[in-house]
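Got your viewer open? Load the model below, set it to cartoon, and keep the selection box handy.

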Amino acid sequence: MKKSVFKLLALFAVSSVALVGCSNDDDSGDSNSSGFVANPADFKGDIKAGDNVTLDPSKTYYLTGKLQINEGGKLTIPAGTRIVANGGTSSFVAVAQGGQIFVNGTATAPVVFTSENRTPGAWGGVVLCGKAPINKATTASAEVSELTYGGTVANDNSGVIQYTRIEYAGAAYNSEKEFNGLSLFGVGSGTKIEYVQLHEGADDGIEFFGGTVNTKYIIANGNEDDQFDWTEGWNGSNEFWYSKASLGRGNRGIEADNNSNNHTLGPVSNPTITNMTLVGLGASYNGSENQAIKLRVGTKGKLENVVLAGWAKGIDIEHDATLAGIPNDLFIKNVQFVDVGTEASGKKSDGSSISVANAYNVQNNNGAGNGASTPTWAQGWTIGL
């Protein structure tokens, strides 16, 4: 009889501990199938191999430092989740090679990365590092996370980013090194990036550093440097890009490079972009880089159905290696100019001018879907347009 009582008491004690350990009432953090704890009040740390973390969309997560998803780790961010950062260059989200992020916003409940300090450069941004080819080297170190990127896996998969806003990013380490809203380093074609807005960042909206990733329905507006940027041998197929400059913010709609040290180095940047609208500040705006599209240092590319509205210059093509691609490997098919001062200009590597009239043809079209106006697919989940 006494032994039975002792057994019951022991069982009750163990059960009590188990109940406390499994309680869901602790708001200090969300722990999933791992040791990582996603603390909404202090959201940072390393998600490691085997960690599979899902955030709670009913909570706001305050990004207080670096959040890094390492190889074999996964982070899922459900629709409607808000992540708020204010830590300058110390606050950013980085996905290392082999890690994955799944940002699953919807048109009615986008995921938002933002800042309480609603000014450009308030925090870092989102950085993905994949294993797809680049031309800087076989692999390299990303300038804003120091993570390795590049390789030979063209279809590498870093996850999904859809119906997502990235606001007020672009914190600067120094005058030569700063975050973009979304930085894609050697990201592969297995990664899905659709319906993403890069809003009022301090550098570029989105930049591709090599890789093979494809994108659809991308908006970049009010970023202080270029709205779209590519370099280091990026090859991707893209549809429906829309950008809009803001007064006092923004230079070019697109700045496109291959490799600044060796203009012909392969893999050569050679994206395909269809259905695009780039809106500037007007042909008379006195900005030093009031250009819709700058193509230089050997990039190739095929662009089709393009509306350029409100620029001092529409198309600017520089350097012999870039010019050599016209018209077979570098051509803009069906471009419409609206309030553009100079349609196009060309410059050889020695600085002398050259006509680039055979790099494009003029044809009215709908660009990103609605001419120079905001496309209907952007309605409901974006801001500032």
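On this tour, "contact" means heavy atoms within 4.5 Å. Keep in mind that the model you are looking at is predicted.

**Stop 1: Ile 293 and the main core**

Select Ile 293 and show what surrounds it. Setting aside neighbours within four places in sequence, Ile 293 is in contact with Ile 254, Met 276, Leu 278, Leu 303, Leu 308, Gly 314, Ile 315, Asp 316 and Ile 332. Now zoom out: the largest nonpolar core has 66 residues, and the members that touch the most others are Phe 113, Leu 182, Trp 241, Ile 293 and Leu 308. Colour strand β26 (residues 301-318) next, since you'll want to see what gives the most to this core: β26 does, with 6 residues. Then colour by domain; at least three residues of the core come from each of domain 1 (38-225) and domain 2 (268-377).

**Stop 2: the other core**

Apart from that one lies another core, of 14 residues. To find this second core, select Val 127, Ile 134, Val 144 and Phe 185, which are among its members.

**Stop 3: strand β11**

Stay with Val 127 and select its strand, β11 (residues 126-129). Which residues of β11 sit on which side? Val 126 and Leu 128 are on one side, Val 127 and Cys 129 on the other, and all four are buried, leaving both faces of the strand covered.

Add strand β8 (residues 92-95), which pairs with β11 in the parallel sense over 3 bridges. Here Leu 128 is the bridge partner of Val 95. Then add strand β17 (residues 182-185), which runs parallel to β11 and is joined to it by 4 bridges. On that side, look for Cys 129 bridging to Phe 185.

**Stop 4: two positive phi values**

Select Tyr 168, in the loop between β14 (159-167) and β15 (172-174). Its phi is near 60 degrees, a positive value in a residue other than glycine. Is Tyr 168 buried or exposed? Tyr 168 counts as buried because its relative accessibility is 4%, and the cut-off for buried is under 20%.

Jump to Asp 339, in strand β27. Asp 339 also isn't glycine and has a positive phi, near 55 degrees. Asp 339 is partly exposed, at 49% relative accessible area.

**Stop 5: two cis peptide bonds**

Finish with a pair of prolines. Gly 266 and Pro 267 are joined by a cis peptide bond with omega about -5 degrees; Pro 267 sits in the loop between β23 (254-256) and β24 (272-279). The bond from Ile 326 to Pro 327 is cis too, with omega near -5 degrees. You'll find Pro 327 in the loop between α2 (320-323) and β27 (330-347).

How values were computed:
Residues numbered from 1 in each chain as written. Predicted model: local features only at pLDDT ≥ 70, side-chain atom pairs only at ≥ 80, totals over all residues. Heavy atoms only, no water. Buried < 20%, exposed > 50% of the residue type's maximum accessible area, 1.4 Å probe, protein only. Core = buried A, V, L, I, M, F, W, Y, C linked by side-chain atoms within 4.5 Å. Domains from an automatic or database assignment. Pairing = 2+ DSSP bridges.
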